[in-house]
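Colleague: Please take one part of this model and go through it closely. Start from a single position, then work outward to the strands and the charged pairs.

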Amino acid sequence: MKTITQIVWILFFGVFSVNAQQEKGITGLNNWLNNWTEFKPNKVDYGQANQILAGNISVNTKLFKKNVYILQGSVFITNNATLTIEPGTVIIGDYESSASLVITKGATIIAEGLETDPIVFTSNRSSRKAGDWGGIVILGDAPTNKFGNASSVNFDLDTSLTSYGGSNVSSNSGILKFVRIEFAGKKIKGLGNFNALLLAGVGNKTVLENIMISYAAGDSFEIYGGELTLNKLVSFKSSSDDFKFNFGTQCRIDNSLAIRSSYLTSNLGSRCIDVASYDKKEEVDFTKKQTSVIATNLTLINNSENINADIESGLVKEAVYVSQNTSLDIKKTVISGFNPAVLLDNKIEINGENLKKIKFEQMYFNFCKGNIFTEHNLDNEDLENWYGNSAFSNVYSQSDNKETFIDLFNDKKPDFRLRIAKITASNDH
């Protein structure tokens, strides 16, 4: 919990008086990674389970730190009940039964850990690996862009308990704060993988901050519709996407971190950010709001010993993918070590109207094989000219992680800073 062994953090971004990951004083004693995160989860002994969670929970229930709980099969919180989890509680997902926790529409989870006492969801295997168990699904009644709003999650679960969506923008599914989710994303035969945390139709009264997901075999954070604010999230070495938005999501994400590995990916590709409004056009209503994401102060890193070699060998893909009929406004963000930094759906016509919906401002693009491209098109001159305009204050650099980042940590106070000398470049490409 107390150390990070590789270069994974950026805390100072000093070009054009722009601060990335710095607005909230994330340095030294104020580093928000302190105490509650864990970058070596396989080395932690969480103890043996002494309580079982199984089936449907239809009354208000509280889990206590003094116990270690094992989640068996699909556990549903139903009947508008509230599941309250005490700080420091450990819940272990059962490998054999493909455990998952589903907060059904109308139910609530209050998992409010502390910086010094986080709540942990992890695997029960002796040698824990990505995809050992399912994950956490939270279903609310906030709007989506689907016809009729309502839909259901297809994870081979009871469909009568997996509906989501509605008209309540301000719905409240509870609190996830100072929570870690480890080794989730179990593969479902014929249906892909669970996501470590799926938020479907979640409304803006729900509190979602200080959540770390490690070694997910599916997406770390996936959001279907709803209107929500995400703050201080960490996705560490996911095999699939880190942050995926779909089905009319209206989302603001701030002050968050994604750390990828060149050697962990899925057959469908893996990105730090994937923004879409649908999987198939015919499933959504275009009179409704389509997906819109506002992102500020993100750090997106491919953590590699030799980024250039990994890029050349084809192990590294784009960090950000933007689909047609979506909006992405991202600023004060670092993207380092990808191929390229950003890829736009080839169905997006490059014109003033569309580019107003896809904004990159005050960015630091570092050691990427190209910056912003349209899919299947090697000519990105128009995009480079547009986003390279000084009005956007974007910076471009070609220094690998070892040269770019200083790793200043000890067992008690991890502190990671960007080498200031590496970001004094002009706006030239």
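Modeller: What follows starts at one glycine and moves outward from there.

First, the ground rules. The model is predicted, so local features need pLDDT of at least 70 and side-chain atom pairs count only at pLDDT 80 or more, while totals for chains, interfaces and linings use all residues. Residues are numbered from 1 along each chain as its sequence is written, and side-chain values use heavy atoms, with hydrogens and water left out.

Now the glycine. Gly 135 sits in the loop between β8 (119-123) and β9 (136-139). Strands here are DSSP runs of E with at least two residues, helices are runs of H or I with at least four residues, and both are numbered from the N terminus. Gly 135 counts as buried because its relative accessibility is 0%. Buried means under 20% relative accessible area, exposed means over 50%, and partly exposed lies in between (1.4 Å probe, protein chains only).

What does Gly 135 touch, leaving aside residues up to four places away in sequence? Its contacts are Ala 99, Ser 100, Leu 101, Ala 184, Phe 194, Asn 195 and Ala 196. A contact means heavy atoms within 4.5 Å. Take Phe 121 as well. Phe 121 is 14 residues from Gly 135 in sequence, and their C-alpha atoms are 8.6 Å apart.

Next, the charges around this stretch. Arg 125 and Asp 132 form a salt bridge, with the closest N and O atoms 3.2 Å apart. The term means a side-chain nitrogen of Lys or Arg within 4 Å of a carboxyl oxygen of Asp or Glu. Asp 132 is buried because its relative accessible area is 1%. Arg 125 has 30% relative accessibility, so Arg 125 counts as partly exposed.

Asp 117 makes another salt bridge, to Lys 65, with the closest N and O atoms 2.9 Å apart. Asp 117 is in the loop between β7 and β8, and Lys 65 is in the loop between β2 (61-63) and β3 (68-77), so the pair ties together parts 52 residues apart in sequence. Asp 117 counts as buried at 18% relative accessibility. Lys 65, at 44%, counts as partly exposed.

Then the strands. β7 covers residues 108-112 and pairs in the parallel sense with β4 (residues 82-85) over four bridges. Two strands pair if DSSP finds at least two bridges between them. Leu 83 stands opposite Ile 109 of β7. β7 also pairs in the parallel sense with β12 (residues 174-182), over four bridges. There, Ala 111 has Leu 176 of β12 as its bridge partner.

Further along the chain is another charged group. The side chains of Arg 271 and Asp 274 meet in a salt bridge at 2.7 Å, N to O. Arg 271, Asp 274 and Glu 318 are joined into one network by salt bridges that share partners. Arg 271 counts as buried at 15% relative accessibility. Asp 274 is also buried, with a relative accessible area of 6%.

Last, the whole protein. It has four helices and 32 strands, and the structure holds seven salt bridges. Of its 429 residues, 60% are buried. Among contacts with a separation of 6 or more, 70% join residues 24 or more positions apart. The accessible surface is about 17,000 Å², and carbon and sulfur atoms account for 46% of that surface. Areas come from the Shrake-Rupley method with a 1.4 Å probe, and for residues, only the protein chains shown count as cover.
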